[in-house]
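Got your viewer open? Here's a short tour, one selection at a time.

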Amino acid sequence: MPSLSVSESIQIKKTPKEVFECLHDFHTWIKWSPWLIAEPQVKISISDDGQSYQWDGHVVGGGTMNFSKVILHKKLEVDLIFLKPNKSKALVIFELQEVEKETQVTWKMKSSLPWYLFWMSKQLNHFIANDYKRGLKLLKDFLELGKLHSQLDFIGIEELDQVHLVGKRYQSSVSDFKANIEKNFSSLFEYCNSNCKKNIQHTGYTLYHAFDLVKDRVDYTVGLSVSKFSKQLSEGYALQTIPKLKVYSVMHIGLYDYLENAWASVMMHQNAKKFKPQKKIPRMEIYLDNPSKTNEQEIRTKISIPAK
């Protein structure tokens, strides 16, 4: 059968004992789970001793977890059973290693797929790895700061008004995307300040034409909202109109570095059939606040998926 195997690591400024005590009690998992952030109202049942966990949700599915092997302050193994939307089993492993008075946490998962789903194995490995990366960042925040830098507000279906953008289209690898998009926006603001300063309305957009983890490719447009004008643009910039349309939106409040939580959540909502996507218009990030004038933990970014 096709296998699933994921391993992701992060370094946390806590002792192995402190990290172990957090992980060895399922009561703490609800504070940093990369999945529960997508469905805060999920039904959860945790044993009094924190050693067994059951969940039942519409968005995140349902299942059980139990600690099956424990090596004090070094290793935890969890038997994970999914009950819905599909039944399957997995072995989850946490390994802790002291590194320069901190703790390296490695989160692993081993499972398999039915043979007829072999074509999904590579894609699922990427998706689960991304979830583990998000989870480790949230765990690090929870342990080091006692709070998360990522909050979500589920807006749901809404209508967006027509908007005009001055923008430019780019392509990037997934690994280089964050660094590239910062440069792209810096160039965009410089260009607009020089060529259409009076027309700027100061709301930024990223339109995603394609985001493929397996092929390591992102195809996107960065844009800045402007009042409509007829001036000819240069240097690859173009005026683009997004029509009035219905979207399914999730608001992210916090650092841009955590936007993956909003994207993962809205995709889980799509998979749970909370809305039907409209694929002719790109998915988008809408930046509502100026980061130079807003507390970074209060920055609002809307993730909007065109909906039917």
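This is a predicted model, and we start right after helix α5: select lysine 273, which has a positive phi of about 65°.

Now step back to α5 itself, residues 259-271. From first C-alpha to last, its 13 residues reach 19 Å, close to the 18 Å expected at 1.5 Å a residue. Color by accessibility and you'll find 10 of the 13 residues buried, so call this helix mostly covered. Among the buried ones are Trp263, Met268 and His269.

Next, pick aspartate 257, in the loop between β13 and α5. Its side chain makes a salt bridge with lysine 137 (3.3 Å, N to O). Lysine 137 sits in helix α3 (residues 121-145), 120 residues away in sequence. Both ends are partly exposed: 37% relative accessible area for aspartate 257, 21% for lysine 137. Add Lys178 and Glu260 to the selection, and you have one network joined by salt bridges that share partners.

Slide into strand β13 (residues 245-254) and select serine 249. It counts as buried because its relative accessibility is 0%. Show its side chain together with that of serine 304: a 2.8 Å polar contact joins them. Beyond its sequence neighbours within four places, serine 249 also touches residues including Phe154, Glu158 and Lys302.

Last stop: of the 14 salt bridges in the whole structure, pick aspartate 56 with lysine 84, at 2.7 Å from N to O. The pair links strand β3 (residues 52-56) to strand β5 (residues 75-84), 28 residues apart.

Technical notes:
Residues are numbered from 1 along each chain as its sequence is written. This is a predicted model: local features need pLDDT of at least 70, side-chain atom pairs count only at pLDDT 80 or more; totals for chains, interfaces and linings use all residues. Side-chain values use heavy atoms; hydrogens and water are left out. Helices (H or I, at least four residues) and strands (E, at least two) are DSSP runs, numbered from the N terminus. Buried means under 20% relative accessible area, exposed over 50%, partly exposed in between (1.4 Å probe, protein chains only). A polar contact is a pair of N or O atoms within 3.5 Å; within protein, one must be able to donate a hydrogen and the other to accept it, and residues adjacent in sequence count only if both atoms are side-chain atoms. Contact means heavy atoms within 4.5 Å. The expected span of a helix is 1.5 Å times one less than its number of residues. A salt bridge is a side-chain nitrogen of Lys or Arg within 4 Å of a carboxyl oxygen of Asp or Glu.
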